[in-house]
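Colleague: Could you pick out one part of this model and take me through it closely, in connected prose, so that I can follow it on the screen?

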Amino acid sequence: KGRKLILGGVEIPHPQGLEGHSDADVLAHALGDALLCAAGLGDLGRHFPDSDPRWQGADSLDLLARIKDLLAGRGLEVINADLTLLAEEPKIGPFVERMRTNLANSLGIDPALISVKATTSEGLGLVGRKEGLAALAVALIEEARG
C-alpha cells in the first residue's frame with residue numbers, strides 16, 4: 001500500500017502498487033528481460049541491480065530505453081514484442097493503447113509492433129489470490145538494417 005501501480009508506463013488507479021526497487025512496472029520488466037536475454041546480455045538484475053541505489057525508484061520506461069541502447073551497441077534492433085499480464089485485477093483494457101505507445105516509444109519502434117493483453121489465473125495461485133501480478137514477454141530482435 002502507498003505505492004503507485006505502474007503497468008506499461010501507465011499509472012493505473014488501484015489501492016496498491018507492486019513492491020520493487022524501481023517503479024516495479026512488471027510489464028516493462030518482462031519486456032526488458034526478454035530483450036536482454038534474446039541478445040545474450042543477461043537479465044535486468046545484471047544491468048540494473050537492486051543493490052545499486054542509482055536504480056531506486058527508477059522509471060522502467062527509462063530502463064527500456066537503456067536496453068534499446070545496449071542492443072544497438074551490439075548491432076541489434078527490436079522487431080516486435082508480445083506481452084501478457086497475468087492478473088485478476090486491475091482490468092487493463094482502457095489502458096492498453098497507452099501502454100503500447102509508452103513501451104514502443106521507449107524502444108523507438110511503432111506501437112503497432114507491441115502487443116499487450118491480459119488474462120486471469122481463474123483464482124489459482126498467488127495471482128488468483130490477488131497477492132501479486134505476473135507478466136510474460138516474447139520479443140523478436142535481429143541485426144539492424146543498414
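Modeller: Contact, as I shall use the word, means heavy atoms within 4.5 Å, and angles between axes run from 0 to 180 degrees between N-to-C directions. With that in mind, and remembering that this is a predicted model, I would start from helix α1, which lies across β3, β4 and β5 and runs at about 35 degrees to β5.

The sheet beneath this description is open and consists of three strands in the order β4-β3-β5, with mixed pairing. Its edge strands are β4 and β5 (residues 134–143), each of which pairs on one side only, and the twist averages 15 degrees from one strand to the next. On one side, β3 (residues 76–86) and β4 (residues 114–119) are joined in the parallel sense over six bridges, and there L85 stands opposite A118 of β4. On the other side, β3 and β5 run antiparallel and are joined by 10 bridges; if you look for E77, you will find that its bridge partner in β5 is E142.

The parallel pair also belongs to a right-handed β-α-β unit, made of β3, helix α4 (residues 96–107) and β4. Helix α4 lies across β3 and β4 and runs at about 140 degrees to β4. In the loop between β3 and α4 sits P90, and the peptide bond that joins E89 to P90 is cis, with an omega of about 0 degrees.

Returning to α1, this helix covers residues 26–38, and its 13 residues reach 18 Å from the first C-alpha to the last, close to the 18 Å expected at 1.5 Å a residue. Its buried residues are V26, L27, A28, A30, L31, G32, A34, L35 and L36. Against α4, helix α1 packs at an angle of about 40 degrees, with the two axes 11 Å apart. The residues that make this contact are L27, A28, L31 and L35 on the α1 side and M99, L103 and L107 on the α4 side. An α-helix has 3.6 residues a turn, so residues three or four places apart point the same way; that is a useful rule to keep in mind when you follow the contact residues along each helix. The crossing of the two helices is right-handed.

The backbone on either side of α1 also deserves a careful look, since most residues other than glycine have a negative phi. In the loop between β2 (residues 10–12) and α1 you will find A24, which is not a glycine and yet has a positive phi of about 60 degrees. A24 is buried, with a relative accessible area of 7%. After α1 comes G40, whose phi is likewise positive, near 70 degrees.

One further residue belongs in this account, in the loop between α5 (residues 125–128) and β5, where K130 is placed. K130, too, is not a glycine but has a positive phi, of about 65 degrees, and at 48% relative accessibility K130 counts as partly exposed, whereas A24 is buried.

How values were computed. Residues are numbered from 1 along each chain as its sequence is written. This is a predicted model: local features need pLDDT of at least 70, side-chain atom pairs count only at pLDDT 80 or more; totals for chains, interfaces and linings use all residues. Side-chain values use heavy atoms; hydrogens and water are left out. Two strands pair if DSSP finds at least two bridges between them. Helices (H or I, at least four residues) and strands (E, at least two) are DSSP runs, numbered from the N terminus. A crossover is right-handed if, with the strands pointing away from the viewer, the path from the first strand over the helix to the second runs clockwise. The expected span of a helix is 1.5 Å times one less than its number of residues. Buried means under 20% relative accessible area, exposed over 50%, partly exposed in between (1.4 Å probe, protein chains only). A crossing is left-handed if the near helix is turned anticlockwise from the far one by less than a right angle, and right-handed if clockwise.
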